[in-house]
Amino acid sequence: MLAVDRKLVRQRVARRLAPAWFDFRRALARGARNFRELGPGGAGYFGWPSAARARTGRAVMMLRGRLIARRLLDALGRPPRS
């Protein structure tokens with residue numbers, strides 16, 4: 001959320017939150033389809049909030065976007081070049 005808008009994050013609270021790690025792949029493999037099913041104990045967050053940085057978040061979102069686009073293009077076929 002820091003990457004989207006800092007005002008969406010209560011940074012004083014985030015600095016005090018303990019890290020919450022979990023295995024995305026395992027959760028998805030067992031059928032999880034939303035963050036409530038994915039998340040560790042319903043904490044409402046994952047990762048290490050006190051270490052979060054907007055710049056890192058933007059870089060991760062860009063990488064994820066490229067990976068998703070690549071998978072879609074592989075699955076659907078590449079558009080013809082003009």
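1. Alanine 69 belongs to helix α4, and in this predicted model alanine 69 is partly exposed, since its relative accessible area is 34%, a value that falls between the limits of under 20% for buried and over 50% for exposed. Computed along the chain, in the sense of counting residues, alanine 69 and phenylalanine 24 are 45 residues apart, and from C-alpha to C-alpha they are 20 Å apart in space.

2. The helix that holds alanine 69 also takes part in the largest pocket, where α4 gives the largest share of the lining, namely six residues. The volume of the largest pocket is about 1400 Å³, and of the 39 residues that line it, Met1, Tyr45, Phe46, Pro49 and Ala52 are the closest to its centre. At least two lining residues come from each of α1 (11-16), α3 (35-38) and α4 (54-76).

3. As for the chemical character of the largest pocket, its lining divides by class into 25 nonpolar, eight polar and six charged residues.

4. The second largest pocket has a volume of about 290 Å³, and its lining is made up of Phe24, Arg25, Leu28, Arg33, Asn34, Phe35, Leu38 and Arg64. Two or more of these residues are given by each of α2 (24-29) and α3, and the most come from α2, which supplies three. By class, the lining of the second largest pocket holds four nonpolar residues, one polar residue and three charged residues. Phenylalanine 24, which served above as the partner of alanine 69 in the distance of 20 Å, is thus one of the residues that line this second largest pocket.

5. On the surface, Met1, Val4, Leu8 and Met61 make a nonpolar patch of about 430 Å². Valine 4 is placed in the segment before α1, and valine 4 counts as exposed because its relative accessible area, 52%, is over the 50% that the term requires. Met1 deserves a second look from the reader, as Met1 is a member of this patch and is also among the residues closest to the centre of the largest pocket.

6. Which residues meet in a salt bridge? The count comes to one salt bridge, in which the side chains of aspartate 23 and arginine 26 meet at 3.5 Å from N to O; this distance satisfies the rule, because a side-chain nitrogen of Arg has to be within 4 Å of a carboxyl oxygen of Asp. The two partners are described by separate terms for accessibility: aspartate 23 is partly exposed at 36%, whereas arginine 26 is exposed, with a relative accessible area of 58%.

7. Is tryptophan 21 buried or exposed? Tryptophan 21 sits in the loop between α1 and α2, and with a relative accessibility of 61% tryptophan 21 counts as exposed, because the term applies to values over 50%. Tryptophan 21 and arginine 10 are separated by 11 residues in sequence, while the distance between their C-alpha atoms is 20 Å.

Methods
Residues are numbered from 1 along each chain as its sequence is written. This is a predicted model: local features need pLDDT of at least 70, side-chain atom pairs count only at pLDDT 80 or more; totals for chains, interfaces and linings use all residues. Side-chain values use heavy atoms; hydrogens and water are left out. On a 1 Å grid over the protein atoms alone, a cavity is a set of points where a 1.4 Å probe fits but cannot get out, and a pocket is an open set with protein on both sides within 12 Å along at least five of seven lines; lining residues have an atom within 4 Å of a point. Grid points are joined across faces, edges and corners, and a volume is the space filled by probe spheres set on the points. Helices (H or I, at least four residues) and strands (E, at least two) are DSSP runs, numbered from the N terminus. Ala, Val, Leu, Ile, Met, Phe, Trp, Tyr, Cys and Pro count as nonpolar, Asp, Glu, Lys and Arg as charged, and the others, Gly among them, as polar. Patches are made of residues with over 30% relative accessible area and no salt bridge: like charges are joined within 9 Å, nonpolar side chains (Val, Leu, Ile, Met, Phe, Trp, Tyr) within 5 Å. Accessible areas come from the Shrake-Rupley method with a 1.4 Å probe; for residues, only the protein chains shown count as cover. Buried means under 20% relative accessible area, exposed over 50%, partly exposed in between (1.4 Å probe, protein chains only).
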